[in-house]
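Student: Got a minute to go through this one with me? I'd like to start with how the helices pack.

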Amino acid sequence: MPTLSLKKTPYTLSRRDWGYIGEFRAMASPCEILIACDELDIADDILDMAVTEVQRIEQKYSRFIAQNTLWHLNHAQGQKQSIDEETWQLMSFSQQCFQLSEGLFDISAGPLMALWRFEPNAPLPAHADILRTKALVGFERIDFNSRYLSMPAGMQLDFGGVAKEYAVDRVAYELAESYPAIAVLVNFGGDIACPIEKSVPWQVGIEDPQRLDHAAKVLSIRQGALATSGDTRRFIEIEGKRYGHIIDPRTGYPVVCAPRSVTVLAPNCVTAGMLATMSMLQGADAEVFLTQQCVKYSIFR
Amino acid sequence: MTNRQNTLKKIQTKQQTKQIASALALASCGLFTTSAYATELAKKTDDWKIDAALMYYGEQDRVQAIEAIGTAQKAFGDDSVLDLKLVVDSLTGSSASGAVAQSTSQTFTRPSGNGQYHVSAGETPLDDTFQDTRVQANVAWSEVLNPDWKLSVGAYGSKEFDYMSIGANVGIERGFNKDNTTLFLGTAYSFDVVDPEGGRPVDLSAMVIRDNFTTEEAYRTAFEATRQSGSDNKQTADLMLGVTQVLSERWLLQANYGLSSVNGYLTDPYKVLSVVDNNGITEEILYESRPDSRLKHSFYVMTKGALDAGVVDFSYRYNTDDWELTSHTLETHYRYYFSGSFYGQLHLRYYQQSAADFYQPFLMADTPLPEFASADYRIGKMTAYTIGVKFGHKLSGGHEMSYRLEYYQQDPKNDGTTIPGELQNFDLFPTQKAIAAQFSYSF
C-alpha cells in the first residue's frame with residue numbers, strides 16, 4: 001500500500017468562557033471538540049490529537065479514497081486479503097451488529113442502497129436490478145479471522161454506517177487516556193461522546209427535522225454518548241407512501257414508516273449509533289424497540 | 001401491514017431483543033481496547049520505527065560491559081518488513097581463567113606472550129587483559145508470499161579484535177486451520193574466524209613463564225612452541241522446526257525443536273587448567289582443549305496469555321548435546337498495564353546445567369592427561385537465576401520509553417570432584433553476581 005500523504009485539515013480554536021472550542025471538517029461533516037480547560041497549549045494539543053485520529057480513520061476506511069485499506073478489500077476480486085487488528089475488530093463488531101439485528105444492519109448492503117436515488121421524480125429501481133444486486137449482499141458470505149478476510153468478487157464493504165461513531169469514540173477514548181482530568185465533548189456531525197464526567201452537564205441541542213438548524217429539544221449530559229440516525233431531507237413517495245432513505249437489506253426496499261430521525265443515548269457512540277440505526281430499520285416499531293432496550297431516546301416522525 | 005406484524009411479533013416473541021443494547025455495548029469494547037496497538041500499527045505502515053537502547057552489564061569484580069543497540073524497522077505495504085539492527089559493545093574487566101587459587105602468589109604469562117601478571121595468595125586467578133569492542137550488524141527481510149506462506153531471510157556479521165562471524169538464515173512459515181496453527185521451518189549457517197592474540201595455544205600445552213628462563217630469546221622460543229600458527233575457524237549449521245497453536249481467544253502455545261551442529265575450533269584460547277599434586281599445590285598450568293565438533297538438540301515450549309490488564313508467558317527449554325551438557329530453563333514474564341500508557345513487567349528465570357563430560361575444575365598430576373579438558377566454569381555444573389523488573393511509558397506522538405533492571409546470580413557446583421589438600425581452603429566454585437540495566441527509547 002502506498003503511503004498516503006496526510007495533509008492536516010485546517011482547524012480553528014476559539015476561546016469561550018467555559019474553555020475552548022475547536023472546529024474543523026472531517027468525514028463530510030462539521031466537527032467540533034468542546035474542551036473544558038483554560039490552557040491554550042493543552043486545548044491545542046487535544047484538538048491536534050482529535051484531528052489526527054479522525055483523519056487517520058477517514059483515510060483508512062473512506063469509500064471515496066482509492067488505494068486505502070477499504071479499497072483493497074473491495075478490489076480483492078475474491079482473493080484472500082490480510083487485515084490488521086483494527087479492521088478485524090471493526091469486522092467483528094459489524095458481525096455482531098448483523099447478528100443482533102437479524103440481518104437488518106449489513107455493511108455489505110452498499111450496492112443495494114446505491115440503486116435508490118432519493119430525489120424528487122427519481123425513477124424507482126427495477127425489481128430485476130434489486131434481485132440481481134441482492135445476490136452481491138450478505139454479511140454471512142464474508143469469511144474472516146484476525147488476520148485475513150475473503151469475500152466473493154463483486155461484494156462491497158462500507159463502514160459508513162459505523163465509521164463516524166467509531167471515530168467519535170476513538171477520539172474520546174484517546175483524549176480521556178491522555179487527559180483524564182479534562183472534560184471534553186466530541187461532536188462529529190451530531191454524533192457525540194463525553195468520556196469524562198463533567199460536574200456542570202453539557203447542553204446538547206437536538207434538531208427538529210422539520211425546522212432544521214433549530215434546536216427543538218435540549219439534552220443535558222454529564223458523561224456518555226449520543227448518536228442520531230435519519231436524514232430528513234431525503235425521501236420518496238411511492239403510491240402515496242413515504243419511503244425514507246433506510247433500506248432493508250433483506251428485501252432491497254426502503255423501510256416503511258421509518259421515523260424521520262432517531263437520537264439515542266448510550267455509554268458510547270457506536271452503541272448509540274447502532275441502536276438508532278436498528279430502531280430506524282424497525283419502521284413503525286422504532287419506539288417499541290427502543291423502549292425495550294431501556295435507553296433514553298428521542299424520535300421525530 | 002404484514003411487515004409491521006412481522007416486526008411486532010418478533011419484538012414480542014424474542015426475548016433476546018431486550019439485550020441488544022447491552023450486547024452492543026459489550027461488542028464495542030473490542031474496538032477500543034486495542035488503541036495502543038492500532039496506533040502502533042498505523043505508524044508501522046508509514047514510517048521507520050526506530051528503537052535505541054543503552055545497556056549496562058556488570059559482574060561483581062569481573063566483566064563490565066556497555067552495549068548500545070539500535071534497531072530500525074520499516075514495513076513496505078502490508079506484506080514486507082525490513083529489520084535492521086546494529087549493536088556496539090565494549091567489555092572491560094577480567095574473567096576467571098580456569099586456574100585454581102593457591103596459598104602462595106602465582107605468576108601467569110599474558111595470552112600475547114608479552115609480559116606476565118601476578119595473582120595474590122588465596123585469589124581466584126583472573127585474566128585481567130579481557131578488553132574488547134565488538135560491532136554487530138543484522139539485516140532481515142520478511143515477506144508474506146500469499147495468505148498461507150511467509151518467507152523470511154536474514155544475514156549478520158560481527159567483528160571484534162580476535163573474532164569474526166558472518167551468517168545467513170532462511171525460514172518459511174505456513175498457516176493452517178484459518179491460521180490457528182502455524183508451522184515454521186528454518187535453517188541458518190554461520191562461519192566464524194578465531195584469531196586470538198598471541199596465536200592459538202597448542203592443546204594441553206604447558207604455559208611457559210618468563211621467570212623460568214634466563215634469556216628473552218630462550219623464553220620466546222619456548223613460548224612459540226606452545227602456539228599454532230594462523231587463525232582457525234568454526235562453522236555452525238542450525239535447523240529449527242516450530243509450531244504455534246492458538247488455544248483460545250487469549251492463549252497460544254508454541255513448541256520448537258532445534259538441531260545445531262558446530263564444527264571447527266571450539267576451544268577457548270584464553271582458558272587454562274591447573275595441574276595439582278595430592279596436596280593441591282599447582283605444578284603447572286595447561287591450555288585447555290575441547291573436541292572439534294558439538295551436536296546440540298534443543299526443545300522449547302512456551303505458552304502466552306492475554307489477561308484483562310496484562311500479558312503473561314511461561315516457558316521451558318531443554319538443551320542436550322554430545323558433550324553431555326544438558327540444561328533446563330524455566331522462565332516467566334508477567335506484564336501488567338497500570339494504564340493504557342504505563343506498564344510494569346516482572347521477569348523470573350531459573351537455569352540449571354550439568355557439566356560437559358570433559359569439564360574438570362583442575363587436573364591431577366598423577367593421572368594420565370585426557371584428550372580433552374576444560375576448567376571453564378561456563379561448561380561446569382551450575383544453577384543460575386534472574387530476577388528483573390521493567391517499566392514502560394507510552395509518550396505522546398507514539399514514542400515509548402522503558403527501563404529494565406535485572407539481578408543475575410550464578411552458582412557453580414562441584415560435580416563430585418574430590419578436592420585435594422590446600423585447595424579445600426579456597427572457594428573453587430565462587431558465586432557470580434551481576435546486574436544489568438537497560439534504558440530504551442522507541443520513536
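**Helix packing and confidence**

Tutor: Sure. α7(A) and α2(B) are oblique to each other. Keep in mind that this is a predicted model.

Student: What angle do helix α7 of chain A and helix α2 of chain B pack at, and how far apart are their axes?

Tutor: The angle is about 135°, and the axes are 9 Å apart. α7 covers residues 269-281 of chain A, while α2 covers residues 20-32 of chain B.

Student: Is the crossing of α7(A) and α2(B) left-handed or right-handed?

Tutor: Right-handed.

Student: Which residues make the contact?

Tutor: From α7(A) you have A:V270, A:T271, A:M274, A:L275 and A:M278. α2(B) brings in B:I20, B:A21, B:L24, B:A25, B:S28 and B:L31.

Student: And by class, how many are nonpolar, polar or charged?

Tutor: Nine are nonpolar and two are polar, with no charged residues in that contact.

Student: Switching topic: what pLDDT does chain A average?

Tutor: It averages 84, and 87% of the residues score at least 70.

Student: Where in chain A is confidence lowest, and where is it highest?

Tutor: Strand β12, residues 236-238, is lowest with a mean of 62, whereas strand β7, residues 184-188, is highest at 93. Also, residues 1-6 of chain A have a pLDDT below 50, and that stretch has eleven contacts in the model beyond near neighbours in sequence. Where pLDDT is low, don't read the predicted coordinates in detail.

Student: Last bit: how many helices and strands does chain A have?

Tutor: Eight helices and 16 strands. Of its 301 residues, 42% are buried.

Methods: Residues are numbered from 1 along each chain as its sequence is written. Chains are lettered from A and ligands numbered from 1 in the order in which they are written. This is a predicted model: local features need pLDDT of at least 70, side-chain atom pairs count only at pLDDT 80 or more; totals for chains, interfaces and linings use all residues. Axes are lines fitted to C-alpha atoms, for helices over the stretch in contact, and angles run from 0 to 180 degrees between N-to-C directions. Helices (H or I, at least four residues) and strands (E, at least two) are DSSP runs, numbered from the N terminus. Angles under 35 degrees count as roughly parallel, over 145 as roughly antiparallel, 65 to 115 as roughly perpendicular and the rest as oblique. A crossing is left-handed if the near helix is turned anticlockwise from the far one by less than a right angle, and right-handed if clockwise. Two residues are in contact if their C-beta atoms, placed from the backbone, lie within 7 Å. Ala, Val, Leu, Ile, Met, Phe, Trp, Tyr, Cys and Pro count as nonpolar, Asp, Glu, Lys and Arg as charged, and the others, Gly among them, as polar. pLDDT is the predictor's confidence in each residue, from 0 to 100. A residue is buried if 20 or more other C-beta atoms lie within 10 Å of its own, exposed if 12 or fewer, and partly exposed in between; C-beta atoms are placed from the backbone.
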